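Biologist: Could you take me through one part of this model in detail? I'd like the place where two of the domains meet, plus whatever the ligand touches.

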Amino acid sequence: MNAFTTVAEFRSALRTWLDDHDLSPGPDHSLDAQVAQLGRVRRELYDAGWMRYGWPAEVGGLAGPAVFRAVLGEEVATRGLAEPGIYSMVEVLTPTMISYARPELAAEMVPLLLGGREQWCQGFSEPGSGSDLASLTTRAVPHGDTWEISGQKVWTSLAQYATRCVLLTRTAPGHDGITAFFVDMDTPGITVRPLRTMHGVDEFAEVFFDDVVVPADRMLGRPGDGWRLAMDLLPHERSTCFWHRIAHLYTRLDRLLDETDERNETDDAALGAAYLALHTVRCRSHATQRRLAEGARLGPETSVDKVLLATAEQQLFDTVRDLLPGVLELTDTPWRSEYLYAKAATIYGGTAEIQRNIIARRLLDLGRE
Ligand SMILES: Cc1cc2nc3c(=O)[nH]c(=O)nc-3n(C[C@H](O)[C@H](O)[C@H](O)COP(=O)(O)OP(=O)(O)OC[C@H]3O[C@@H](n4cnc5c(N)ncnc54)[C@H](O)[C@@H]3O)c2cc1C
């Protein structure tokens, strides 16, 4: 595999490879098929080296700037090779493993995720702890060189497909009493019950932990590091994984332009506003990618990316609803499922209200209320 010196070189070689290797999904759009397709795409891209660029050699990467990952995600999304939401998991969980897992554990596990051999999940939210994540109560108690975990998580995306879980637990009171573990999902005592979203897909699940025994060397960081881990992970969930989501949304804007043209339903102002919202978040995301490439540590400023993404996504699908009458309400088209899923954009990764609170308090220093 070549060592690429510029992004343009990387993109051009990647495009040639993708032109020569057909990774298109089949006709089955079920979640089972999407997850299988995601595994296939990652596996092929990893085995050919592409999925390894932008990650450090210590976890099986081929080094190079993080922006190579963004370019890869953009090409995958633009070509419709993998569903962008579930593709994001790599961008969210891998940086955490690199920063917090023992080096041997990260070296063993990360290639399994990047290489599509495994799917992982993120066990943060609980029935009483979503926005107020620090109130979580899933308990971990030490027993020699193991910990025993009991409690419940909810809205855990893809838990029914996951081999491992990045799990937040309570080991003592307060923010400093939260501890993270990397848990094998086939450990006795774990029960996964899928939940159906309003777009008709069992995308997330309730996960129950009953006296689940986890080795102490599966702790991520040290006891009490869980809150810091969450504060490092969430900025990735609120920013870097959006570059490829935006690329996906541009494909939907193009489709909308084609369909409004065919129907003669064009409304230049509405289409222009949808384009502007998308372009705004793309500019913001570009700046975030650049900061990441320069080695910046991402933090609360990523709440701006999250608000802009959710706004642009919902505006785009609202424009679909307005300009293609009946396409959501009367027929079971892919538009309907994407329109409904867009509603989740102001909830997952922290709600729109919470992002605005962070912007007001942490970026604008406006005080608590
Ligand atoms: C598609 C999807 C996938 C998800 N995947 C995962 C996953 O893989 N892992 C995981 O751990 N979680 C996941 N979640 C859960 C997500 O993180 C939570 O839904 C989110 O953090 C909100 O928490 P909640 O649902 O408990 O709502 P609540 O916190 O109960 O909030 C309810 C409402 O109150 C508002 N609110 C709450 N507090 C304040 C405040 N202080 N100021 C102003 N308004 C406030 C909220 O904005 C919201 O409108 C997912 C959610 C969705 C929709």
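Modeller: Here's a walk through that interface and then the ligand site. First the fine print: this is a predicted model, so local features need pLDDT of at least 70 and side-chain atom pairs count only at pLDDT 80 or more, while totals for chains, interfaces and linings use all residues. Residues are numbered from 1 along each chain as its sequence is written, and side-chain values use heavy atoms, with hydrogens and water left out.

The protein chain is split into domain 1 (7-118), domain 2 (121-224) and domain 3 (238-363), with bounds from an automatic or database domain assignment. The C-alpha centres of domain 2 and domain 3 sit 30 Å apart. Their contact (heavy atoms within 4.5 Å) draws on 4 residues from domain 2 and 6 residues from domain 3. About 470 Å² is buried between the two, 71% of it from carbon and sulfur atoms; buried area here is the accessible area (1.4 Å probe) that two parts lose on being put together, summed over both. On the domain 2 side, Ser-131, Met-198 and His-199 lose the most area to domain 3, together 86% of what that side buries. As for salt bridges (a side-chain nitrogen of Lys or Arg within 4 Å of a carboxyl oxygen of Asp or Glu), the rule finds 0 across this interface.

Now the ligand. Ser-131 turns up again: a polar side-chain atom of Ser-131 lies 2.6 Å from a ligand oxygen atom. Gln-122 puts a backbone N or O atom 2.7 Å from a ligand nitrogen atom, and a side-chain N or O atom of Asn-357 is 3.1 Å from a nitrogen atom of the ligand.

Technical notes
A polar contact is a pair of N or O atoms within 3.5 Å; within protein, one must be able to donate a hydrogen and the other to accept it, and residues adjacent in sequence count only if both atoms are side-chain atoms.
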